[in-house]
Amino acid sequence: MKFIFERDTWQEIYGAIRKNKIRTIITVIGVTWGVFLFVVLLGMAKGLDNSFRSQFNDFATNTMFLWGQQTSMPNNGFKRGRGMQLTLDDVEALESQVSDIEYIAPRNVTGQWGTPPGQFVRGSKSGAFKVFGDYPTIDKVSKKKIFDGGRFINEEDIKYERKVCVIGEDIYKQFYDKEEEAIGDFVKINGIYFKVIGVYKPTQQGFEGDDSIFLPFTTFQTIFNQGRNISWMVITAKADKNIVNTEAKIKTALKRMHDVHPDDDQAFGSFNLGEEVAKVNGFLSGMRLITYIVGIATLIAGVIAIGNVLLITVKERTREIGVRRALGATPAEIRGQIMLESIMLTFIAGLIGFVFGTIVLWGVNSAIGNSDDVPILNPTVDFFAVVGALLSIVLLGTIIGLIPAQKAVSIKPIEALREE
Amino acid sequence: MIEIKDLHKSYQMGSNSLHVLKGINFSVKEGELVAIMGSSGSGKSTLLNILGMLDEADTGSYFLDQVPIKGLNETKAAQYRNKFLGFVFQSFNLINYKSALENVALPLYYQRKKRKERTEKAMEYLGKVSLAEWATHLPSELSGGQKQRVAIARALAADPKVLLADEPTGALDSKTSYEVMDIIQGINDEGKTILVVTHEEDIANMCKRIVHLKDGVIVEDKAVEQVRASQYV
């Protein structure tokens, strides 16, 4: 094994590789392409992964939505098909009865599900938009970006039923000139003056979009004459609780309070992100797995190509090998040389592929920037994945190099030197 | 230098066995220049291959410089070849992507000589065959005679005990052949033992002894008056 560290060995190999340029290039392309694909695929998958994660990060993943529907079973003398209306009483009851709850935020909306939208007027312009009545806690559950200078609804707004509103970025763009200050401005919503306290931009998909108006819950109640009714509620379970279990507990409590049959699954509708996150995670890990499989398969294909080309060249170099052996090369030296050629080629090819892959990822990253349109964020490859990949192709190169090396040694010098 | 006793060799050709060497007894002393002659199929190349440790005899003994050559594994054979023997082939067998100098230095590489020493030695032997100024040229840039001279320099580079030349002039015209033989004679004059396989009478006559092979046996072994190649050059 000593010969590996000798300069002469490498000069001999360098000579052989350099003097057989076309074969070297063809050989290298396979593995370069393989590693390139491997790196790019892995990077893209990572980028997608990062992007999904950053979206969910703003969203409490152990969050559920809950709304009233219609009963599907008769119970306690009530007919089936009875509409369920959630109220603030339910919210308060749940808060005190279900200890799993971290946040509970009742919400009201108009402009959704058949209710009329709010009329928004500023100066001579007007438009119809969805209007939400919300508690500040909603911002803990479903994060929004509030532009500089503004704020979201706070407890004081709720307490004093302040006529303040937070408007969406799109509304701002429609009603305000560029650079014009919206904060502190007064607008009319359904004929009542409101002060704009913030402009938001959603950071993930939701009901709100970027063209909704947020009012303090209490203000909404009064203006739209909701009494204690609510449209739905958003509940976040404590960090150590499983949202699926919490959902069951909450539904059981609600069924009891509303005289609903315990087995009636239709009375209350709900949706939780726990399941969604699990699905996305499953999807992402599935994709990662596919990436690895495709990447590794490509790598193997590349390495096999190297072995193939080396095998052919061994045939071409039969005479050379015969000469070398006549001149005193031992079988071990011949085997070592062919194998080192294989390893060297795979390694260099791998390195080139890695560099190109990284350049492409870097290019993709700078082309996308922080754009929200492309679901790819910071596409990088794990350092260990790359080192692992390089190590494994060197290993594969060694193994595959064994075949031509053995072939080279198996040719007797006398056969190699036989005149045609 | 070479001692061969009752050497037999047969090749298996499908179901037929081809008895190529049928009991060769033959010895070569140091400093001899021996031509091995014979028509094709006479067994002369087989004999040379056995002498060159590229092939092994079935029975019989072979001593090279008092070392028994028997049952060598490939590694040992390679080391012996490197130490004892220099080869010159009909088709030169230079490595086409190596320069003349690198080709000559190759046996020294397998002797694990240092690079500097290799280059110096190789240069020295290239000078011996008057090709010093062609050192950096690739074989494809050399004429046939030049290639064979490079091959001879390479065969000599490791300073072998015996030089084995298999039809060294087979691929050359007469004039170039004589040039090559002139060099071979010159080397022999310096004391190197040389065996030349040839089927050309004039080439054989440039040696000091001719061994005639026919159907696997030596039919004639005679000393000859050496014809100097230099007079034709």
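This is a short tour of a predicted two-chain model, covering its secondary structure, its cores, the contact between chains and a few individual residues.

Residues are numbered from 1 along each chain as its sequence is written, and chains are lettered from A and ligands numbered from 1 in the order in which they are written. Since the model is predicted, local features need pLDDT of at least 70 and side-chain atom pairs count only at pLDDT 80 or more, while totals for chains, interfaces and linings use all residues.

Let's start with chain A. Its secondary structure comes to 13 helices and 11 strands (DSSP runs numbered from the N terminus, with helices being H or I of at least four residues and strands being E of at least two). Of the 420 residues in chain A, 39% are buried. Here, buried means that 20 or more other C-beta atoms lie within 10 Å of the residue's own, exposed means 12 or fewer, and partly exposed is in between, with C-beta atoms placed from the backbone. Take the contacts in chain A between residues at least 6 apart in sequence, and 81% of them join residues at least 24 apart; a contact means C-beta atoms, placed from the backbone, within 7 Å.

Ile338(A) sits in helix α11 of chain A and counts as buried because 27 other C-beta atoms lie within 10 Å. Its C-alpha atom is separated by 5.3 Å from that of Ala405(A), 67 residues apart along the chain. Beyond its neighbours within four places in sequence, Ile338(A) is in contact with residues including Leu310(A), Val314(A) and Pro404(A).

Now for the cores. A nonpolar core is a set of buried Ala, Val, Leu, Ile, Met, Phe, Trp, Tyr and Cys residues joined through C-beta atoms within 7 Å. The largest one has 122 residues, and Val39(A), Ile36(B), Val104(B), Ala153(B) and Leu195(B) have the most contacts inside it. Helix α2 of chain A (residues 21-57) supplies the largest share, 12 residues. A second, separate core has 48 residues, among them Ile138(A) and Val187(A). Val104(B), back in the largest core, touches Ala122(B), Leu126(B) and Val150(B), among others, not counting residues up to four places away in sequence.

Where the chains meet, 21 residues of chain A are in contact with 24 residues of chain B. The biggest giver on the chain A side is α10(A), with five residues. By class, that side has nine nonpolar, four polar and eight charged residues (Ala, Val, Leu, Ile, Met, Phe, Trp, Tyr, Cys and Pro count as nonpolar, Asp, Glu, Lys and Arg as charged, and the others, Gly among them, as polar). From chain B, the buried residues of α2(B) pack against α10 (318-326) of chain A together with β4, β6, α3 and β7 of chain B. Those buried residues are Ala77(B), Ala78(B), Arg81(B), Asn82(B) and Phe84(B).

Finally, here are two residues of chain B with positive phi.

| Residue | Phi | Loop | C-beta neighbours inside 10 Å |
|---|---|---|---|
| Phe92(B) | near 65 degrees | between β6 and α3 of chain B | 23 neighbours, buried |
| Ser130(B) | near 55 degrees | between α4 and α5 of chain B | 13 neighbours, partly exposed |

Phe92(B) is a residue other than glycine with a positive phi, and so is Ser130(B).
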